[in-house]
Amino acid sequence: MVMGWIILIAMIAAYFGYFFIARYLQKRYLTTLSEVDFRAGYRKAQLIDVREPDEFKNGHILGARNIPLTQLKMRHTEVRHDMPIYLYDSNGTRSARAAQVLKKMNYTNLYQLDGGFKKWNGRIKKG
């Protein structure tokens, strides 16, 4: 009985340790920007919406290209290495994973919108 509790506590500690280490390492290659900062720089960068096509069609930031996270490995050649990359999704989860994928392919200057599209108050395009 006691051994079971020790194993459970060790597993929980390992999970949280991994979570915090991953979050710390992510901050080394991905910068999360407020809407104001994101808006100030995205026109001079590659603006990529990593949501699925149906989400993109329902509304997206004006000027964004849709490269879904699920297709990013196959379509990474559409992303330039020499320009900053501004990523967003619905809430920030998929854009962080997209940044991780791009980092593994030696992309740098990766930024994401804090809170994702749900927090965006700027101009959007539907369709």
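Accessible areas here come from the Shrake-Rupley method with a 1.4 Å probe, and for residues only the protein chains shown count as cover. The structure is a predicted model, in which local features need pLDDT of at least 70 and side-chain atom pairs count only at pLDDT 80 or more, while totals for chains, interfaces and linings use all residues. Residues are numbered from 1 along each chain as its sequence is written, and side-chain values use heavy atoms, with hydrogens and water left out.

**Exercise 1. The chain as a whole**

Describe the surface, the extent and the order of elements of the chain.

Solution. Begin with the surface: the accessible area of the chain comes to about 8300 Å², and 59% of it belongs to carbon and sulfur atoms. Next take the extent, where the C-alpha atoms fill a box of roughly 60 × 30 × 30 Å along the principal axes. Then list the elements, which are DSSP runs numbered from the N terminus (helices, H or I, of at least four residues; strands, E, of at least two). The chain has five helices and seven strands, and from the N terminus on they run α-β-α-β-α-β-β-α-β-α-β-β. Finally, buried residues (under 20% relative accessible area, with exposed meaning over 50% and partly exposed in between, for a 1.4 Å probe and protein chains only) make up 39% of the 127 residues.

**Exercise 2. The sheet**

Work out the strand order of the open sheet and state which strands stand at its edges.

Solution. Two strands are taken to pair if DSSP finds at least two bridges between them. On that basis five strands form an open sheet in the order E1-E6-E5-E2-E4, with parallel pairing. Strand E1 (30-33) and strand E4 (65-66) stand at the edges, each with a single partner strand, so one side of each has no neighbour in the sheet. To follow the register, start from E1 and E6, which pair in the parallel sense over four bridges; here Thr32 stands opposite Gln112 in E6, and Leu33 stands opposite Leu113 in E6. On moving to E5 and E6, one finds parallel pairing over three bridges, and Leu87 stands opposite Gln112 in E6.

**Exercise 3. Helix H5**

Determine the span of H5, its buried residues and the strands that it touches.

Solution. Helix H5 (residues 93-104) has 12 residues and reaches 17 Å from its first C-alpha to its last, close to the 16 Å expected at 1.5 Å a residue; the expected span is 1.5 Å times one less than the number of residues. Within H5, the buried residues are Arg94, Ser95, Ala96, Ala98, Ala99, Val101 and Leu102. An α-helix has 3.6 residues a turn, so residues three or four places apart point the same way.

For the strands, return to the edge of the sheet, where E1 and E6 pair over four bridges. H5 packs on the sheet and touches E1, strand E5 (85-88) and E6, and its direction makes about 145° with that of E5. Contact means heavy atoms within 4.5 Å, and axes are lines fitted to C-alpha atoms, for helices over the stretch in contact, with angles running from 0 to 180 degrees between N-to-C directions.

**Exercise 4. The nonpolar cores**

Identify the residues that touch the most other members of the largest nonpolar core, and the element that gives its largest share.

Solution. A nonpolar core is a set of buried Ala, Val, Leu, Ile, Met, Phe, Trp, Tyr and Cys residues joined through side-chain atoms within 4.5 Å. Of the 17 residues in the largest one, Ile48, Ile85, Leu87, Leu102 and Leu110 touch the most other members. E5 and H5 are the elements that give two or more residues to this core, and the largest share, five residues, comes from H5. A second, separate core of 13 residues includes Leu33, Tyr42, Tyr88 and Leu113.

**Exercise 5. Positive phi after H5**

Compare the phi values, locations and accessibility of Asn106 and Asn109.

Solution. Most residues other than glycine have a negative phi. Asn106, in the loop between H5 and strand E6 (110-113), has a positive phi of about 70° although it is not a glycine. Asn109 is found in the loop between H5 and E6, and its phi is also positive, near 55°. As for accessibility, Asn106 counts as exposed at 62%, whereas Asn109 counts as partly exposed at 40%.
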